[in-house]
Amino acid sequence: MTIDPTARRDEILAAVAARQADTEELLIELVAAPTLLGDEMPGQRVMRDAFEALGLPARMQPLDAAALSDHPLASPFSWDVSGKANVVADWDPAPGSETGGRSLVLNGHIDVVSAGPEDMWTSPPFAARRDGDWLYGRGAGDMKCGLAAYVGAVAGLRALGLAPVAPVQLQSVVEEECTGNGALQCVIDGRSADAVVVTEPTSLTIQRSQVGVLWFQVVVRGRPAHAGDAPIGGNAIEASFSIVGALRALEAELNVAPPPPYDVYEHPINLNIGMLNGGDWPSTVAAEAILHCRLAMFPGEPVADLRARIEQTVAQAATALDGFAVIVRYDGFACEGYTLDPTSPVIAELAAAAEATTGEPPALIASTATTDARQWALQTGTPAICFGPHAEHVHSIDERVWLPSVLQSAQALALFIASWCGLSQS
């Protein structure tokens, strides 16, 4: 029998709240798994166990290097992906239950960025530390809090003996922080859905738009020489500075007239020089320097167009570098942006669930970063949004998440599942 979710709203909120301690314990366990690129499996085992504790059979979904390399929307990657896997679990309607409702994917990523200099942290980054209502640790915010939140939502509903009328798939994916190819593997292998919610830390707002992102490297090669004869050499590290200047000028051009919904930002398109590798000896003029860069683009702009502008910019700058060889190469993110119409039903229903939880309607936001939500939207036309807890200092020192927002996210997600998918007594 299909239930009226409105009539049982308070019961659903209470059931999720009753499992708050379990939700927080899962988050603490996830933070303790340092799921850096290439070492995601310890965290995936935690998620597999969490899915199975819900009573949902979980399976590992290996990344298929050949399928990803051949896919037109995959990001290029130079590393070995053998042994990498997503974890998925299907929450299907109870046998003999009524049909109807709309299917849903709940998605989050297990991988985290590096902690940086660990001596800059107040406490070890991979040992979760609680201070009042804040939980500190790398990945606590981005985005293991979101994984814990949707597990808490499902746990609360299942504790009431409820099951969805339409299928729900839970996904914990890899490589969101570098390619998005983990989520792409889910799209390649998975069944279709009527909506996707990625539980990124959005501070209980609904993210409906995101920029595209391109990772690229600029390799500068000069003339090595003994430091005592430095004037006859060509220092690649110093030469790379002019390349950075040219790229900054391109960045300024890209920010001249931001289109909606990015016109609310003064500077939505950001260039980041994330790494600089160069030279091999203090007393040798550096023969090579490699800039590792990230640059964004507005939704609707093709990756190929940004690549062309970058290559043109670098080539023009290189003409002033006599005797230096400069090339551009690509590894990692190469993805377009995405915007969902604000009148989409998935936005309206999630907004209603969030307001019923917090008492306030959530804002709609556009992100100056990218997320895995684009994979479904760009490839299958599935409406995809991000919604999750409040986090601070992500990708920075002393990353933290506000624990009450993890509970609120879980409660809102539970109400949304009830509304979007429909619920029956199992």
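# Exercises on a predicted model

By the salt-bridge rule used here, the count comes to 14 salt bridges. The model is predicted, and the exercises below walk through some of its features one by one.

## Exercise 1: A salt-bridge network

Work out which elements the pair Glu24 and Arg130 ties together, and how far apart in sequence these parts are.

Solution. Step one is the contact itself: the side chains of Glu24 and Arg130 meet in a salt bridge, at 2.8 Å from N to O. Step two is to place both partners. Glu24 belongs to helix H2 (residues 20-31) and Arg130 to strand S4 (residues 129-131), so the pair ties together parts that are 106 residues apart in sequence.

Step three is to look for a further partner. Arg130 also forms a salt bridge with Asp133, where the closest N and O atoms are 3.9 Å apart. This pair makes the list because the cut-off is 4 Å. Glu24, Arg130 and Asp133 are thus linked in a network of salt bridges.

Step four is accessibility. Glu24 is buried, with a relative accessible area of 12%. Arg130 is partly exposed at 47%, and Asp133 is partly exposed at 38%.

## Exercise 2: Two partners, two classes

Decide for Glu392 and for Arg400 whether each is buried or partly exposed.

Solution. Start with the link between them: Glu392 forms a salt bridge with Arg400, and their closest N and O atoms are 2.7 Å apart. Now apply the cut-off, as buried means under 20% relative accessible area. Glu392 has a relative accessibility of 24%, so Glu392 counts as partly exposed. Arg400 has a relative accessible area of 17%, so Arg400 is buried.

## Exercise 3: One side of a helix

Find which residues of helix H3 are buried, and check how they are arranged around the axis.

Solution. First, check the helix length. H3 (residues 41-53) has 13 residues, which should span 18 Å at 1.5 Å a residue; the end C-alpha atoms are 18 Å apart, which agrees. Next, list the buried residues of H3: Gly43, Gln44, Val46, Met47, Ala50 and Phe51. They cover an arc of only 155° around the axis, which puts them on the same side of H3.

The spacing helps to read that list: an α-helix has 3.6 residues a turn, so residues three or four places apart point the same way.

Then ask what lies over this side. The cover of the buried residues of H3 includes H2, S1, S2, H5 and S7. Finally, look just after H3, where Gly55 takes a positive phi of about 85°.

## Exercise 4: A covered strand

Describe how strand S2 is paired, and whether its residues are buried or exposed.

Solution. Begin with burial: in S2 (residues 85-91), seven of its seven residues are buried. Sort them by direction next. Ala85, Val87, Ala89 and Trp91 point one way, while Asn86, Val88 and Asp90 point the other way, and all are buried.

Now turn to the partners. Strand S1 (residues 58-62) pairs with S2 in the antiparallel sense over five bridges, and Ala58 stands opposite Ala89 in S2. S2 and S7 also pair in the antiparallel sense over five bridges, with Val87 opposite Ser172 in S7.

## Exercise 5: Two buried glutamines

For Gln171 and Gln210, find the strand that holds each one and the side chain that each meets in a polar contact.

Solution. Take Gln171 first. Gln171 lies in strand S7 (residues 168-173), and Gln171 is buried at a relative accessible area of 1%. A polar contact of 2.8 Å joins the side chains of Gln171 and Gln169. Beyond four places in sequence, the residues in contact with Gln171 include Val87, Val88 and Phe51. Val87 and Val88 are familiar from S2, and Phe51 from the buried residues of H3.

Gln210 sits in strand S9 (residues 206-210) and is buried, with a relative accessible area of 1%. The side chain of Gln210 makes a polar contact of 2.6 Å with that of Thr371. Gln210 also touches other residues beyond four places in sequence, among them Tyr262, Pro299 and Tyr338.

## Exercise 6: A glycine inside a helix

Locate Gly152 and name its contacts that lie beyond four places in sequence.

Solution. Gly152 is found in helix H5 (residues 140-159). With a relative accessible area of 3%, Gly152 is buried. Its contacts beyond four places in sequence are Val16, Thr23 and Ala410.

Definitions and conventions
Residues numbered from 1 in each chain as written. Predicted model: local features only at pLDDT ≥ 70, side-chain atom pairs only at ≥ 80, totals over all residues. Heavy atoms only, no water. Buried < 20%, exposed > 50% of the residue type's maximum accessible area, 1.4 Å probe, protein only. Polar contact = N/O pair within 3.5 Å; in protein donor to acceptor, adjacent residues only side chain to side chain. Contact = heavy atoms within 4.5 Å. Pairing = 2+ DSSP bridges. Expected span 1.5 Å × (residues − 1). Arc of directions from axis to C-beta.
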